[in-house]
Amino acid sequence: MKLKVMPLLLALTANAAPLIYAKDAAPKSTESQAKLPDIKGLEAILKRFKAVELKVDLSKFPESEKKALAKMIQASQVIETIYFRQIWSGNEAMKDSLAKDNSALGKARYAAFMLDKGPWSLQDDHKPTVPGAPHKPEAGTYYPEGSTKAEIEAWIASLPAAEQASAKGFFTVVRKDAAGKLKLVGYNEEYKPEIDTAAKLLKEAAALTTQPTLKDFLNKRADAFLSNKYYDSDVAWMKLDASIEPTIGPYETYEDEWFSAKAAFESFITIRDEAETAKLAKFSAELQGLEDNLPFDPKFRNPKIGALAPIRVVNSIYSAGEANRGIQTAAYNLPNDEKISAEMGTKRTMLKNVQELKFENVLTPITRIALAKKDQAKISFESFFTHILMHELMHGLGPSTVTVDGKTVTVRDRLQNNYSALEEAKADVSGLWALQHLIDKGTLSQEMEKTLYTTYLASSFRSVRFGLNEAHGKAVALQMNYLLDAKAFVVAKDGTFSVDESKIKGAIKDLTGELLTIQALGDKTKADAFAKKYMVMNPKIQAVLNKLTHIPTDIRPIFTTADELLKTYK
Ligand SMILES: [Zn+2]
């Protein structure tokens, strides 16, 4: 699973960005007849994504690792070719012909095509951007062209059980044989030339690196490419403990809108962030102490919290395929294979430098509009990112089960439809409460308090910017409305927001206690009342959002460090 923006500020994918396509008042035209954007329209699409350089300092890296990195980047480029093919059968040919068009319009079309990895604008309900683009195929090229969902469904149901599993598996496509009969083809066969090249490059990278767990992963992933059996390499990926963290292969199933079964190729080549890794270790040691102090009835506290799912903080140097398309991924949870997640859990990887670029290029401009002048300087990336880390950790604290009439049920089952939003709100506010607790204890520097709450306020605007249609947006609306009621957030006559420093700490603690208590009691009535009262768009918030339309939606990375590596180690 993938988060495009981290907890506090999720939600960018909805359709709130400026309209590029005029809405016809006339009878609704079909998508294929929709008017294509002209050069101005294409420029507007591109302008939503601010081009920024993605750089990582590799000066302390030994030659062996830099050479290995270059091989991994090359393998990623090969993987990307497969991804283009997975989206639509005409995708590669269209890309090649656009690349040859040197007119201004042709160049703009190519840029828009490369941004979304196909001739449709993701931010505009997949409307076409290039002449000749068909409707975006619902299930990519995973199933034979011209086939229907019902046909494939019936065929799968007719197969013996063992084959059914493979047919519904991540790593096969369905094709027709010469006689027109449906059959399964493994990725290793379907994409053989690219798969063989990528495997060879990963083997070369494995031979270069001196880090044992990295060597192991690269070798096993290369073997998985060739054998189409990914289990061992996923285990090796979970066990990775190296300065380089590559994630490369077929992973997410979003492009298969029929069955969410088939995995699209992607790659993140990243470098472990040592300072944040140390910070995480420090926080992990504090978790039981935080649980023991949670601001609600002590009888609900957990005397022995369980093991943590692994979290990695990394800096990205290159991404390809689905990983570099439209809104940039800020964090991901993998693998998706249920066998692995049942046995070992999943690993959460957070892309720190990507988040920093989003912070600078999207959040900071929002601040200048949303916040009172005196508060505008009180935001910092350090506070922002540390709060995101703590948010993740706090998901592991507090009640997850309730005992009712002697039976233990999950809080999720009790609270149902409002569970996710309340849990996200809990992680946000209890995360702030926890950071304040560690500041008061001296574990964290007093400095952080100066920017913690204002940064939180500013990032709240970014989260609600794209609506309340999913858990994170609802969670943030809940918090903002509660804190406005508590007068911890204050709105000036000119509409700008600020934090009342005399009230914020108390209000955060109160809200944390309220949410934890709802969870501990599994109190659905209270949860629903809370949702009804607070998960709504407030006109004062909406007034600010209305002023944010010119601010970029996201960033578009230019891979400066990766380009240098490729040039040096050709
Ligand atoms: Zn969360």
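**Figure 1. Domains of the chain in the predicted model.** The domain assignment divides the chain into domain 1 (1–49 + 89–134), domain 2 (61–88 + 137–272 + 308–366 + 552–570) and domain 3 (282–305 + 371–537). The centres of domain 1 and domain 2, taken over C-alpha atoms, are 24 Å apart. To the contact between these two domains, domain 1 contributes 30 residues and domain 2 contributes 38 residues.

**Figure 2. The largest nonpolar core and the residue Phe225.** This core has 87 residues, and those with the most contacts inside it are Leu69, Phe225 and Ile317. Helix 2 (residues 63–87) gives the most to the core, namely 12 residues. The core lies between domain 1 and domain 2, because both domains give residues to it. In general, nonpolar side chains in soluble globular proteins tend to be buried together. Leaving aside residues up to four places away in sequence, Phe225 touches Ile79, Asn188, Ile195, Ala198, Ala199, Leu202, Tyr230, Ile248, Gly249, Pro250 and Phe265. Another core, of 81 residues, lies apart from the largest one; Phe385, Leu393, Val402 and Ala520 are among its residues.

**Figure 3. The zinc ion and its donor residues.** Three residues coordinate the zinc ion: His391 and His395, each through NE2, and Glu424 through OE. These donors are found at 2.1 to 2.2 Å. Along the sequence, the spacing of the donor residues is H-x3-H-x28-E. The two histidines can also be described by their accessibility. His391 counts as buried because its relative accessibility is 1%, under the limit of 20%. His395 counts as partly exposed, because its relative accessibility is 27%, a value in between the limits of 20% and 50%.

**Figure 4. The surroundings of Lys426 in helix 17.** Lys426 has its place in helix 17, which covers residues 419–441. Is Lys426 buried or exposed? With a relative accessible area of 2%, Lys426 is buried. A polar atom of the Lys426 side chain lies 2.6 Å from the backbone oxygen of Leu397. Not counting residues up to four places away in sequence, Lys426 touches Met394, His395, Leu397, Gly431, Leu515, Leu516 and Gln519. One of these residues, His395, is also a donor to the zinc ion.

**Figure 5. The hairpin of strand 5 and strand 6.** Strand 5 (residues 172–176) pairs with strand 6 (residues 182–186) in the antiparallel sense, over 5 bridges. Within this pairing, Thr172 has Gly186 of strand 6 as its bridge partner. The hairpin has 5 residues between the strands, and Gly180 takes a positive phi near 85 degrees. Strand 5 is mostly covered, since 4 of its 5 residues are buried.

**Figure 6. An open sheet of 6 strands.** The strands of this sheet follow the order 1-10-11-9-8-7, and their pairing is mixed. Which strands stand at the edges? Strand 1 (2–3) and strand 7 (244–250) do, and each has a single partner strand, so one side of each is left without a neighbour in the sheet. Strand 8 (residues 265–272) and strand 9 (residues 311–321) pair in the antiparallel sense over 7 bridges. Glu266 stands opposite Gly321 of strand 9. As a general rule, side chains in a regular strand alternate between the two faces of the sheet.

Notes:
Residues numbered from 1 in each chain as written. Predicted model: local features only at pLDDT ≥ 70, side-chain atom pairs only at ≥ 80, totals over all residues. Heavy atoms only, no water. Helix = DSSP H or I, 4+ residues; strand = E, 2+ residues; numbered from the N terminus. Buried < 20%, exposed > 50% of the residue type's maximum accessible area, 1.4 Å probe, protein only. Polar contact = N/O pair within 3.5 Å; in protein donor to acceptor, adjacent residues only side chain to side chain. Contact = heavy atoms within 4.5 Å. Donors = N, O, S within 2.8 Å, 3.2 Å for Na, K, Ca; no water. Core = buried A, V, L, I, M, F, W, Y, C linked by side-chain atoms within 4.5 Å. Domains from an automatic or database assignment. Pairing = 2+ DSSP bridges.
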